[in-house]
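New to this one? Take a moment with the sequence and the fold, then read on for a quick tour.

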Amino acid sequence: MGEILWGFESPFSHFAVGFTMTQNKCPCGSNKEYLLCCAPYHQGEKAPTAEALLRARFSAYALNLPRFIIATTHPDNPAYQKNMQQWEQHISQFSTTHHFEKVEILDITPGEEETTIRFIAHLKRGHYRASFMETSRFVKQNGHWLYRSGVVAEHSS
Ligand SMILES: [Zn+2]
């Protein structure tokens with residue numbers, strides 16, 4: 001069995017936090033392998049679309065990569081926090097207390113500079129569902145998609 005555990009050696013080993021070794025699938029729920037899905041964006045590659053960024057942010061939460069969340073949040077986003085250290089801790093706390101099942105894209109209103117995406121984030125906290133529906137707005141700044149704002153609607157599944 002041990003031989004199958006490929007792909008989590010360096011340089012990706014530090015991304016394996018909270019990720020079971022039998023599961024190479026990307027935590028965003030795309031059904032692709034992590035290394036072929038969200039990993040390149042976590043490594044600093046530009047997300048080509050707002051959807052790719054949304055997925056990469058979801059899997060960053062799942063893998064407890066708060067710095068990626070911070071780096072892809074627009075400074076004008078109401079969720080943006082000046083105290084980075086505290087913000088990082090908050091994100092990390094959210095990551096480690098929730099199980100991130102998948103993100104389900106409901107619809108996309110695409111644009112060159114701005115894209116709106118409605119999605120459901122399927123989460124669990126312990127045995128309880130903590131899923132929510134959100135409409136997120138992404139804007140492109142210097143060629144990078146950033147999370148500009150989001151409106152959450154309660155979702156019960
Ligand atoms: Zn992914």
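How many bridges pair β2 with strand β3 (residues 128-129), and in which sense do they run? The answer is two bridges, in the antiparallel sense. Keep in mind that this is a predicted model. The rest of the tour starts with the strands around β2, then moves to the core, a proline and a helix.

**Strands around β2**

- The link from β2 to β3 is a hairpin with two residues between the strands. Gly-126 sits in that turn and has a positive phi of about 60°.
- Across from Arg-129 in β3 you'll find Lys-124. Lys-124 of β2 is also the bridge partner of His-99.
- β1 pairs with β2 as well, antiparallel and over nine bridges. Here too there's a hairpin, and four residues make the connection from β1 to β2.
- Strand β4 (residues 132-141) runs antiparallel to β2, and eight bridges join the two. One spot to look at is Ile-120, which stands opposite Met-133 in β4.

**The largest nonpolar core**

- This core has 30 residues, and the ones touching the most other members are Cys-38, Leu-53, Leu-54, Phe-58 and Ala-60.
- Helices and strands both chip in: α2 (50-62), α3 (66-71), β1 (99-109), β2 (114-125) and β5 (144-154) supply at least two residues each. The top giver is α2, with eight residues.
- If you zoom in on Ala-60 and skip residues up to four places away in sequence, you'll see it touching His-42, Leu-65, Phe-68 and Ile-69.

**A proline before the helices**

- Look for Pro-27 in the segment before α1 (39-42).
- Is Pro-27 buried or exposed? Pro-27 counts as buried, because 23 other C-beta atoms lie within 10 Å and the cut-off for buried is 20 or more.
- Set aside neighbours within four places in sequence, and the contacts of Pro-27 are Ser-59, Ala-62, Leu-63 and Phe-100.
- Phe-100 is 73 residues away from Pro-27 in sequence, yet their C-alpha atoms are 7.2 Å apart in space.

**Helix α4, out in the open**

- α4 covers residues 84-97, which makes 14 residues. From its first C-alpha to its last it reaches 20 Å, close to the 20 Å expected at 1.5 Å a residue.
- Why does α4 lie largely in the open? Of its 14 residues, the number buried is one, so most of the helix isn't tucked away.

Note on methods: Residues numbered from 1 in each chain as written. Predicted model: local features only at pLDDT ≥ 70, side-chain atom pairs only at ≥ 80, totals over all residues. Expected span 1.5 Å × (residues − 1). Buried ≥ 20, exposed ≤ 12 C-beta atoms within 10 Å, placed from the backbone. Contact = placed C-beta atoms within 7 Å. Core = buried A, V, L, I, M, F, W, Y, C linked by C-beta atoms within 7 Å. Pairing = 2+ DSSP bridges.
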